[in-house]
Every structure is written in structure tokens, then in C-alpha cells.
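Welcome, and thanks for opening your viewer. Please load the model and keep the selection panel handy for a short walk around it.

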Amino acid sequence: MMLRPTRRSVVLGGLAGLTATILGWRSTRAAGPPPLARVGVMPQGREVPLSLVAAERSVTLPAFGGRAMPLMTFFEGDAFPQVVRIRRGDTLVTTLDNRLPAWAEEMSVHWHGLRIPNAEDGVPYLTQKPVPPGGTYGYRFAPPDAGTFWFHTHCNTAETLGRGLLGVLIAEGDETVPYDADVLVCLKDWRIGEDGAFLPFLTDEGAARAGSFGTVRSANGEAALRIDLPAGGDCRLRVLNVDPTRIPEIGVEGAEAAVVAIDGVAVPPFPLRSWRLGPAMRLDLVVRAPAAGREARLVDYHAPQPVTLATLSGTGDTRRTGTFQPAPLLMADLAEPDLANALPLTLTFSATATGASVAEIAGDAEAPPLGPLCVTDRSFWAINREPWPDGGHARLPPPLAVLERGRTYRLTLHNVTPHPHPIHIHGHFFRVLSSSRREIVPHWADTVLLTPKERLEVALVADNPGDWMLHCHIIEHQETGMMGFVRVM
């Protein structure tokens with residue numbers, strides 16, 4: 001039986017109480033879900049060399065209708081996304097070669113979701129000097145966690161991400177039993193005008209409100225992605241939202257589906273009803289593939305009518321006929337927060353006076369058009385009333401907080417704005433606990449969607465020393481003030 005979600009029921013996650021009715025699983029509501037097995041000691045892996053050559057390249061994707069577009073990519077070729085696969089325990093030895101045009105800004109590479117040493121985190125001026133055009137830089141680390149991650153720049157991110165300068169990093173080693181397929185669905189819009197050229201990637205109207213949306217939607221670079229799956233198989237779909245702005249509400253129609261990981265961290269499998277997937281967030285699903293010749297759809301419900309993101313087709317002989325009971329993943333080795341002794345910390349996400357005034361003008365049909373007076377101050381957003389200083393990363397503010405290594409902190413994330421903000425912290429996972437406005441499926445995450453006027457309670461163990469960026473992952477919000485860092489020492 002397929003249930004159509006309502007907006008009210010699932011802003012962030014599926015409802016655990018639907019377990020017995022949708023999938024026929026034995027309800028564990030009273031006792032709670034069984035604990036997941038842990039991944040165990042990190043294996044001794046191999047060294048994996050990776051050459052990232054950042055350059056402007058002419059790329060033809062199906063979503064572009066046969067046109068070649070001047071993308072920015074790390075590798076040659078027309079594939080999107082570009083994927084790196086390693087095993088948990090492998091050491092990634094990366095050489096970054098910045099061959100972007102001379103007019104492009106300096107750059108660094110941030111490894112999103114990876115709990116790696118602070119010096120490898122890829123934040124300009126905070127953890128490293130940025131790499132100028134023509135320069136090179138090296139990163140070396142062994143990811144401690146298996147799961148679905150990605151990487152992107154942390155300089156001029158609105159344009160570089162808008163032009164496709166990103167990659168997916170899959171660290172294998174979290175499956176308890178092999179699934180029948182393992183496929184990727186990478187969601188990204190492109191800002192292309194009627195003349196076929198890129199539109200501005202950052203606009204003041206968008207930056208001061210919900211962001212500047214793309215005009216061409218795509219999954220894996222295609223406007224109408226089709227994925228062949230083994231008929232009746234239990235198939236893993238790694239869904240990533242790498243768009244700078246859009247927040248889809250993910251669902252599956254025509255097939256049973258369960259969530260098995262959020263932001264690369266395993267959860268006890270629960271039925272997918274729908275899930276709001278903010279920029280930078282990932283969702284690992286297990287889907288029972290349709291019978292041969294039949295189809296299912298991965299959809300976005302956050303639209304007047306469901307938008308098909310990918311069509312899933314069953315092919316070949318039937319793999320499974322029994323009850324859908326997806327195998328869980330192995331749990332990452334994360335330190336459980338000590339809530340009884342947690343220290344409180346409140347982070348308030350707000351607009352600055354400039355941001356509020358620009359948003360008001362943008363929403364007033366009778367107001368004069370945005371002009372030079374509205375673009376002189378580009379600090380539209382703030383954390384704890386402090387915007388990141390104008391002028392880019394080079395002017396570092398003081399840390400938002402200094403955390404004691406090994407202590408548990410209970411963070412209240414308070415959104416006092418009318419817009420959502422996907423909040424990302426580098427170098428750590430946090431435990432999402434509760435919300436003032438909606439039911440929460442408790443889970444680990446590195447990015448969490450903070451809805452308008454919401455207070456969200458999360459907890460983390462500050463166990464990774466260094467200066468760690470914390471910001472909204474609607475990139476225009478990040479680049480106009482909603483960014484800061486915490487110091488763990």
C-alpha cells in the first residue's frame with residue numbers, strides 16, 4: 001500500500017509508527033528499534049591517489065538539451081556527478097591543481113561530512129591558505145566512516161558549485177549483506193537563461209530570501225533520469241542534494257522504500273513516507289524494485305504536483321518475492337552524547353537589518369527595483385547577531401563558542417527568520433533530538449534542516465579538535481553572513 005504524504009506530517013522525516021502498517025514489520029514502538037551493529041575497528045587500508053584538476057571545461061549533459069556548457073569540473077569527461085569510491089580505512093592522497101581561469105577566485109576543497117583532521121578540512125584561511133589559480137595543494141586522510149559523502153570548494157562557492165565543481169565520495173564498508181544494486185541519484189539545478197547562458201549565481205533578492213533557484217532541474221545531469229534495477233531486488237539508492245538552494249521533499253511512488261542512512265550514518269530501517277532533503281543532505285534508501293517491465297518513481301512532493309526525479313524500471317529475473325524487510329547498515333563508531341551532563345549552547349540564525357530591508361523590498365511589487373544602494377552591504381544574515389565579516393574568508397571573526405574537547409554540548413538551533421536554513425557543522429556529527437514545531441525521527445546528521453521560526457535541539461560530543469566551520473548550506477546565505485566557526489580545544 002502506498003500512502004501519499006501530507007506537508008504537515010513529514011517536514012523532516014517519516015513517522016516511525018507507520019512501520020507495521022506499511023511494511024508489515026513487527027512494531028517496535030514500545031521497546032524502540034533494535035540497536036545497529038557497529039562497524040568495528042578501522043581496517044588497515046591502502047593508499048589511494050586522487051588527482052583533482054579544477055578547470056573550466058565544455059561539458060554536454062542531457063539536461064542541457066544537447067548544448068555544451070562551460071562547467072567547472074575536477075575531471076575530464078561529460079559524466080555528472082563525478083564519483084570517487086574507496087574503502088573505509090583507505091588513505092586518500094589527493095593533489096589539487098587549480099587550473100581555473102585567472103579571473104576565478106582562489107579555492108580549497110571541503111570534504112563534506114567527513115570526520116577528518118582539522119588541517120584537511122579545506123576552509124580557506126581557517127584551516128589552510130587558499131590555492132590561487134596555477135597553484136597546487138595536497139590533502140591526506142583516512143575517512144573513519146563508511147557512507148555517502150561529497151566534496152566541493154569553499155571559495156566563491158555560489159559560482160563554482162553552480163557550475164558543477166563538485167564530486168561524490170563513497171566510502172564502502174557499511175553493508176551487513178550486499179544489496180541487489182547500489183545506484184546514485186545526485187540532484188542539482190542549473191541556472192540557465194533563455195539565451196542558453198548561465199544566469200547570475202548569486203542575486204541580492206535571492207540571497208536575502210530563500211535563495212536563487214535554478215531554471216533546469218536534473219538528476220545525475222539528466223532531465224528525465226531512468227535507472228534499470230534488478231526486478232524485485234532490494235536496491236540501495238544514494239540520494240544526494242548538491243543544489244545550492246532547492247529543498248525537495250523526497251518520496252517513492254510505485255514501490256516500497258525504507259530509509260537506512262541519513263547523511264551517511266546508518267539508522268534502523270524505517271519506511272519512507274517523505275523526507276525534506278535540504279542542500280548538502282544525503283538520504284540512503286533501500287527500494288524493492290518493481291517487477292520486470294514495471295516502473296516506480298522517485299519524486300519531489302514539494303511542488304503543486306509531484307515532480308518525477310527518476311524513473312525506476314524493473315528488469316530481468318525476479319530477485320526476491322518475500323516480505324520487504326531491508327537489511328540494515330552498520331553503525332558508525334560515534335561517541336554517544338552524555339545528555340545528563342551536557343553543556344547548553346544556543347545558536348540563533350537571523351537576518352541582519354540589511355537582509356530584512358532587502359527581503360521587504362523584494363517582496364513589495366510597488367517598491368523600486370533593487371539597485372546599487374541595495375548591493376553595497378552584502379551581509380544579509382547572521383549567527384548570534386554576528387554576520388561573517390564582509391570581504392570573504394580572509395577576515396576571520398572570533399569563534400562562536402570555544403568547546404572543551406570530549407564534552408557533550410546540547411545545542412539549541414533557533415531560526416528567527418521566515419526562511420528555512422540547512423545548518424552544517426564541519427568535522428562532527430550531531431544527534432538530532434527534538435523540535436518545537438514537528439515530530440522528529442532521532443538520527444545523526446552533519447546537516448539539518450531548520451524550518452522557519454523553529455527551535456531544534458541537537459547534541460554533539462566535541463571530540464575533534466580544531467576550528468570548525470558552521471554555516472547555512474543555502475550557499476547565498478552562507479556567502480552573505482550566515483557562517484561562523486566553533487573552536488574545539
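Which residues lie nearest the centre of the largest cavity? Select Arg-191, Phe-201, Ser-212, Pro-244 and Thr-245, and you have them; the complete lining has 14 residues. Bear in mind as you look around that this is a predicted model.

**Stop 1: around the cavity**

Stay with the largest cavity for a moment: the space inside is about 120 Å³. Now colour α2 (157-162), β9 (181-190) and α5 (475-478), since each of these elements gives the lining at least two residues. Searching the whole structure turns up six cavities of 30 Å³ or more.

**Stop 2: the whole chain**

Zoom out and switch to a cartoon view. You should find five helices and 30 strands in the chain. Of its 489 residues, 59% are buried. Among contacts with a separation of 6 or more, 76% join residues 24 or more positions apart. If you turn on the surface, about 19,200 Å² is exposed, with 52% of that supplied by carbon and sulfur atoms.

**Stop 3: the nonpolar cores**

Next, select Phe-74, Leu-96, Met-107, Val-109, Trp-111 and Leu-169 and show their side chains. They belong to the largest nonpolar core, which has 41 residues, and they touch the most other members. Add strand β1 (residues 47-60) to the selection: its four residues are the largest share of this core.

Centre on Met-107 and display its surroundings. Leaving out residues up to four places away in sequence, Met-107 touches Ala-54, Phe-74, Leu-96, Asn-98, Leu-100, Gln-128, Pro-130, Val-131, Thr-153, Cys-155 and Leu-165. Another core, of 35 residues, lies apart from the one you have just visited; to find it, select some of its members, including Val-183, Ile-250, Phe-270 and Leu-272.

**Stop 4: His-152**

Go to strand β7 (residues 147-153) and pick out His-152. Is His-152 buried or exposed? Its relative accessible area is 1%, so His-152 is buried. Now show His-473 too: the two side chains make a polar contact at 3.5 Å. Beyond its neighbours within four places in sequence, His-152 is in contact with Ser-108, Val-109, His-110, His-112, Thr-157, Leu-161, Leu-165, Leu-166 and His-473.

**Stop 5: Asn-118**

From there, move to the loop between β5 (109-112) and β6 (136-141), and select Asn-118. Asn-118 counts as buried because its relative accessibility of 15% is under the 20% cut-off. What does the side chain of Asn-118 reach at 2.7 Å? Follow the side chain and you arrive at the backbone oxygen of Asp-467. Show the stretch Pro-465, Gly-466, Asp-467 and Trp-468 as sticks, along with Thr-127: Asn-118 touches each of these, with residues up to four places away in sequence not counted.

**Stop 6: Ala-310**

For the last stop, select Ala-310 in strand β19 (residues 307-315). With 1% relative accessibility, Ala-310 is buried. Try a distance label from its C-alpha atom to that of Arg-226: the separation is 5.7 Å, although the two residues are 84 residues apart along the chain. Finish by showing Leu-225, Ile-227, Ala-296, Arg-297 and Leu-298, which Ala-310 touches when residues up to four places away in sequence are not counted.

Note on methods
Residues are numbered from 1 along each chain as its sequence is written. This is a predicted model: local features need pLDDT of at least 70, side-chain atom pairs count only at pLDDT 80 or more; totals for chains, interfaces and linings use all residues. Side-chain values use heavy atoms; hydrogens and water are left out. A nonpolar core is a set of buried Ala, Val, Leu, Ile, Met, Phe, Trp, Tyr and Cys residues joined through side-chain atoms within 4.5 Å. Buried means under 20% relative accessible area, exposed over 50%, partly exposed in between (1.4 Å probe, protein chains only). Contact means heavy atoms within 4.5 Å. Accessible areas come from the Shrake-Rupley method with a 1.4 Å probe; for residues, only the protein chains shown count as cover. A polar contact is a pair of N or O atoms within 3.5 Å; within protein, one must be able to donate a hydrogen and the other to accept it, and residues adjacent in sequence count only if both atoms are side-chain atoms. On a 1 Å grid over the protein atoms alone, a cavity is a set of points where a 1.4 Å probe fits but cannot get out, and a pocket is an open set with protein on both sides within 12 Å along at least five of seven lines; lining residues have an atom within 4 Å of a point. Grid points are joined across faces, edges and corners, and a volume is the space filled by probe spheres set on the points.
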